[in-house]
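Work through the following exercises with the sequence and the coordinates at hand, and try each task before reading the solution beneath it.

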Amino acid sequence: MKLRFFAFIIFLGASLQSYAQGFAMNKLPLDNWEMGNWKQVESVDNPYKKKRVINAGNKFLYADTPGKISSKLTTADAKIKFDFMLGTTSEAIYYIQGKYGVLLSNIRTSGSIITNDGSLKLPSQNAGRTAGLWQTLEITFSSASYGNALIIEKVSLNDVVIHQGYVINTDGKNEGPISFENKVGSVAIKDLEYLKYGNEKPLKLSNLTYELYETYDWDKQFAKKNEKPNDSGKANELTKDYGVGFNRFLLVFQGNLEVEKDGNYSLIADCAGKESVTVDGKEIIPMADESYRKQRIAYLTLSKGTHKIEIKYIKVWWKAELGLFAAGPEIRPYALHAETSLPTPQAIGEIDVNPKNDVEIIRSFVMFNGKKRIHAISIGTPQGMHYSYDLDQAAILYAWKGEFADVTEMFYERGEPQLLEAKGVRTKFSGKPSVFVLSDANSTSPDSLDAYKELIYKGYSIDEGGLPTYKYQYADGNFTQKISTNNEGISININATGAQNLYYKLGEGKSISQIEKGRYLVDNQYVLIDSKSKPIIRNSKVGQELIIPLNGSLTYSVSW
């Protein structure tokens, strides 16, 4: 287990930038490209199909010969996001501003930055998916405020942050097109979106006044001691410093929010204690019962002109810290408060678990579809393949490859959430019972089973390699389930005895298709089974599911 501390600037910048995710990005139309030898296509068959068919259309960009494509649009400071799919043994390059390359590859480590001398700046971990699956790259970059340099602020591949704060020396002209180059094999690009960042600050506070009230402690809910303020007057800026000398206090600021142009904006409250924000009489950020430093956000549409604003702040137990940031779709978050009002936060260590030589077994809660699975177990292996499993439902929740687990929320402070977070490239399963009884192949499979009356968990045994085999009693019979790792992903082995009319859920998703004998595409993962097996693809509540009769033993694998 290791504890990593991050620099404050990176920590604060990344946390504030994450709030730009709430704004819609601009889509780049396909007619904005200088095509070269690339094609506009409607669909391309999965590369594992023996006879691939390419249909002309206008859904995405495709290349199966070497060549480059560039947009007519140029960008300076920007965020770019797109989906891509690689064929088998393929490599392409995405060029920032048409100059600085990032590898999209299943030959070398995908996400590597090509440096000025041609070497590779490797990502923090290999976050690529396998051939034929859609992947997502998101990158934010800006010109440095000093010298000739471009800062690659953050790169995320398949929702895994793989680079932060990397600096490239430039020739001083940090602007150019969005470009891709196919080097070998085939590549498809779709859903490219962008935001171009500027340096404008169209929101500002003016004509602020303040009222200061001394308050009681928590036993009286920090209520005012008197209705008449202890101090009041004109406020030169938004700051917590008007409360100096009071152990507990309430500050109420009122004034104007000046808006330079019509648009969509966000206000981000950041404080230690309690803070609320009201604009034009509507409370957009309520006075939440928060004591720890925590950012909260409101998105709002504002017209050009003057709007009334009220900010309330209650100091609770810790030192006073009061901040308010403004942001927009193409406006980086910037402070509306005094520099001294929001001190540097204490860097929070990330507590990681990464197996070195032995398998790691962790019992925790796991978030799944917005709810905590409270009887979950997560297994990490030195081979870099891991999974989370719901013991109550005999159901795989997630599998992932790369680094194992962030357990900060299990141990930091009180560890109240008790949540384990996957750190690598994750694939999601249905989270529903994997084994169930059906009267016939057309009957509906259950979303859950009663863990006390139907599906009875009987514990697990550990093999010599440290991997558990889960044991269950179900439908007048018994079954075991063991999940192990392979080079492509995970392998699952099930053995059942005693029960009749048993079926097993191999996968469930919005769409399922057979790519070749023994290989099925379930949304964005592969299910691989003996080519002689005959799974059933049928409709389900969420789309389709892949099931198979369970007679004795069954082995299959999943890759992503």
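**Exercise 1. Salt bridges**

Task: Find the acidic partner of lysine 183, and decide whether lysine 183 itself is buried, partly exposed or exposed in this predicted model.

Solution: Begin with the pair, in which lysine 183 forms a salt bridge with glutamate 181, the closest N and O atoms being 3.7 Å apart. A salt bridge requires a side-chain nitrogen of Lys or Arg within 4 Å of a carboxyl oxygen of Asp or Glu, so a pair at 3.7 Å qualifies. Next take the relative accessible area of lysine 183, which is 41%. Partly exposed covers the values between 20% and 50%, and therefore lysine 183 belongs to that class. The structure as a whole holds 24 salt bridges.

Task: Compare the exposure classes of the two side chains in the salt bridge between lysine 319 and glutamate 321, and then list the members of the network that salt bridges with shared partners build.

Solution: The side chains of lysine 319 and glutamate 321 meet at 3.8 Å, N to O. Lysine 319 has a relative accessible area of 51%, and because exposed means over 50%, it counts as exposed. Glutamate 321, at 7% relative accessibility, counts as buried. As for the network, salt bridges that share partners join Lys432, Asp447, Lys505, Glu508, Arg538, Lys541 and Glu545.

**Exercise 2. The surroundings of lysine 240**

Task: Locate lysine 240 among the strands, classify its exposure, and describe its contacts.

Solution: First, the position: lysine 240 lies in the loop between β18 (231-234) and β19 (249-259). Second, the exposure: lysine 240 has a relative accessible area of 17%, and since buried means under 20%, lysine 240 is buried. Third, the polar partner: the side chain of lysine 240 makes a polar contact with the side chain of aspartate 241 at 2.9 Å, and these two side chains also meet in a salt bridge with an N to O distance of 2.9 Å. Aspartate 241, for its part, counts as partly exposed, at 32% relative accessibility. Last, the residues further along the chain: leaving aside neighbours within four places in sequence, lysine 240 is in contact with Phe249, Leu251, Tyr313, Ala320, Glu321, Leu322, Thr340 and Ser341.

**Exercise 3. Positive phi outside glycine**

Task: For glutamine 97 and aspartate 476, report the phi angle, the loop and the exposure class.

Solution: Most residues other than glycine have a negative phi, which is why positive values are worth checking one by one. Glutamine 97 is not a glycine, yet has a positive phi of about 55 degrees; the residue is found in the loop between β8 (91-96) and β9 (100-105) and is buried, with a relative accessible area of 2%. Aspartate 476 has a positive phi near 60 degrees and sits in the loop between β37 (468-474) and β38 (477-485), but aspartate 476 is exposed, with a relative accessible area of 81%.

**Exercise 4. Isoleucine 331**

Task: Describe where isoleucine 331 lies, what it touches, and how far it is from tyrosine 412 in sequence and in space.

Solution: Isoleucine 331 belongs to strand β26 (residues 331-335), and it is buried, at a relative accessible area of 6%. Not counting residues up to four places away in sequence, isoleucine 331 touches Tyr197, Glu200, Pro202 and Tyr265. Isoleucine 331 and tyrosine 412 are 81 residues apart in sequence, and their C-alpha atoms are 33 Å apart in space.

**Exercise 5. A cavity and a pocket**

Task: Characterise the largest cavity by its volume and lining, then do likewise for the second largest pocket.

Solution: The structure holds one cavity of 30 Å³ or more, and the largest cavity has a volume of about 40 Å³. Its lining consists of Val44, Arg52, Tyr62, Met85, Leu86, Gly87, Ser186, Val187 and Ala188. Sorted by class, this lining has six nonpolar, two polar and one charged residues, and β7 (78-86) and β16 (187-196) each supply at least two of its residues.

The second largest pocket has a volume of about 1200 Å³ and is lined by 49 residues, of which Thr427, Val522, Asp523, Asn524 and Gln525 lie nearest its centre. Strand β40 (residues 502-509) gives the largest share of this lining, six residues. By class, the lining of the second largest pocket has 17 nonpolar, 17 polar and 15 charged residues.

Technical notes:
Residues are numbered from 1 along each chain as its sequence is written. This is a predicted model: local features need pLDDT of at least 70, side-chain atom pairs count only at pLDDT 80 or more; totals for chains, interfaces and linings use all residues. Side-chain values use heavy atoms; hydrogens and water are left out. On a 1 Å grid over the protein atoms alone, a cavity is a set of points where a 1.4 Å probe fits but cannot get out, and a pocket is an open set with protein on both sides within 12 Å along at least five of seven lines; lining residues have an atom within 4 Å of a point. Grid points are joined across faces, edges and corners, and a volume is the space filled by probe spheres set on the points. Helices (H or I, at least four residues) and strands (E, at least two) are DSSP runs, numbered from the N terminus. Ala, Val, Leu, Ile, Met, Phe, Trp, Tyr, Cys and Pro count as nonpolar, Asp, Glu, Lys and Arg as charged, and the others, Gly among them, as polar. Buried means under 20% relative accessible area, exposed over 50%, partly exposed in between (1.4 Å probe, protein chains only). A polar contact is a pair of N or O atoms within 3.5 Å; within protein, one must be able to donate a hydrogen and the other to accept it, and residues adjacent in sequence count only if both atoms are side-chain atoms. Contact means heavy atoms within 4.5 Å.
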